[in-house]
Amino acid sequence: MDFILILGLIVGLGMIGFGIFSMMKNKRSDYREPADDIMEPQERESDVYEKPFEEETDFYPTPIIKEEPEKVSVAQVQVSHSVKTNAYKVRDSVRIEHGIDEKMLEERGYLAMLCDGVNFDEDTPSYISKRIMDEFYSEDREEEGVQDFFENIIDKLDAEIVKFSNNGKAGTSLLACVLLGKELYIVGVGGARLYHIHGRQMKQLTSEHRYYLELDGKVKAGEMSEAEARNHPRRNELISYIGVGGIHYLDMNDMPIMMEDGDILFYCSDGLYNIMDDDDMLSVIKSYEGVFKNCAKELTAAAMDTSGGIKDDDISALLIKIGQPEEL
């Protein structure tokens with residue numbers, strides 16, 4: 001009898017010990033070392049309860065990798081331009097892409113230019129704008145980038161005009177814009193201005209390459225006073241343009257400027273901005289309610305009214321409005 005009691009006691013103690021051991025084992029199995037690559041949970045789009053995701057890939061979807069980058073499409077534009085003159089022959093030239101193959105436009109972009117003749121040169125602006133347009137869309141063009149193309153052709157045309165100019169005073173300012181989709185590339189040399197109009201704001205994007213740039217440098221270097229620079233007789237003389245014999249200043253952006261639907265690129269010659277200030281030009285453009293292609297004519301007419309008639313220069317304006325056809 002005593003033997004049975006002792007055996008039962010041993011069995012009972014063994015079962016108790018086994019239970020304690022099992023509990024300790026389960027507690028240890030609940031502990032895990034922190035993982036180094038814990039993935040943060042993704043936020044749900046809705047708080048409404050839905051059936052739980054059955055596969056892990058549903059919760060963390062595999063990113064879609066495109067085999068080819070998206071091609072930049074040609075932006076839809078509307079164009080308006082006007083040139084007024086009292087000269088026998090128009091000195092300024094406005095030239096825009098016309099009849100270019102769509103595939104070429106996709107590759108090269110949409111080009112529009114304004115050339116403003118200097119020293120009463122009547123022939124160079126039109127010649128330069130045509131040469132650039134032809135070579136920009138030429139199938140034999142070697143340069144791939146917009147900047148490389150314009151740097152090379154501007155230097156080449158500058159040397160050409162100097163060589164064949166009879167009096168050494170022929171030349172033109174050049175203001176060119178290239179739209180690759182809605183990416184804007186700018187090239188400017190000389191005295192024409194480019195503005196970007198966004199809503200009710202207008203910002204000048206290019207500078208004028210006149211002698212005051214050199215004078216301002218001399219003022220900063222302490223070589224002359226501000227009064228001397230301000231009253232210098234050559235202050236407004238153009239010092240960088242095609243035909244000057246060595247391009248010293250050239251406006252060109254390395255990174256594209258992104259345009260938006262409804263934005264306007266506004267080119268104008270010095271014959272226009274010398275008559276009307278920025279606020280007046282913007283007021284005419286934004287208050288115009290007619291067909292967009294006639295907006296530039298409205299602007300040049302307003303400039304003539306302001307000046308009491310054209311004086312001794314062409315008044316030129318080119319406007320390009322960006323956006324889908326239904327938004328123009």
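Visitor: Over which residues does pLDDT stay under 50?
Guide: This is a predicted model, and the mean pLDDT of the protein is 78. Where pLDDT is low, the predicted coordinates should not be read in detail. For the stretch in question, the model has ten contacts beyond four places in sequence. The stretch with pLDDT under 50 is residues 18-71.

Visitor: What share of the residues reach a pLDDT of 70 or more?
Guide: The mean for the protein is 78. The share of residues at 70 or more is 73%.

Visitor: How many disulfides does the structure hold?
Guide: A disulfide needs a pair of cysteine sulfur atoms within 2.5 Å. Cys115 is buried, with a relative accessible area of 0%. Cys295 is buried too, at 1%. The number of disulfides in the structure is zero.

Visitor: Which strands stand at the edges of the open sheet?
Guide: The sheet has five strands in the order 1-11-10-6-7, paired antiparallel. Each edge strand has a single partner strand, so one side of each is left without a neighbour in the sheet. The edge strands are strand 1 (77-84) and strand 7 (201-204).

Visitor: What is the average twist from one strand to the next?
Guide: The sheet is open, and its pairing is antiparallel. From one strand to the next, the twist averages 15°.

Visitor: Which residue in strand 7 stands opposite His196?
Guide: Strand 6 covers residues 193-198 and pairs with strand 7 over four bridges. The pairing is antiparallel. Opposite His196 stands Lys203.

Visitor: Which helix packs on the sheet and touches strand 6?
Guide: Helix 10 (residues 295-307) packs on the sheet, but its listed partners are strand 1, strand 10 and strand 11. Its direction makes about 30° with that of strand 1. The other candidate covers residues 278-287, and its direction makes about 55° with that of strand 6. The helix touching strand 6 is helix 9.

Visitor: What span is expected for helix 4 at 1.5 Å a residue?
Guide: Helix 4 (residues 124-136) has 13 residues. From first C-alpha to last, helix 4 reaches 18 Å, close to the expected value. That expected span is 18 Å.

Visitor: Which helices are included in what covers the buried residues of helix 4?
Guide: The buried residues of helix 4 include Ile128, Ile132, Met133 and Phe136. Their cover includes strand 2 (93-96), strand 3 (110-117) and strand 4 (172-180). The helices included are helix 3 (102-108) and helix 5 (146-164).

Definitions and conventions: Residues are numbered from 1 along each chain as its sequence is written. This is a predicted model: local features need pLDDT of at least 70, side-chain atom pairs count only at pLDDT 80 or more; totals for chains, interfaces and linings use all residues. Side-chain values use heavy atoms; hydrogens and water are left out. pLDDT is the predictor's confidence in each residue, from 0 to 100. Contact means heavy atoms within 4.5 Å. Buried means under 20% relative accessible area, exposed over 50%, partly exposed in between (1.4 Å probe, protein chains only). Two strands pair if DSSP finds at least two bridges between them. Helices (H or I, at least four residues) and strands (E, at least two) are DSSP runs, numbered from the N terminus. Axes are lines fitted to C-alpha atoms, for helices over the stretch in contact, and angles run from 0 to 180 degrees between N-to-C directions. The expected span of a helix is 1.5 Å times one less than its number of residues.
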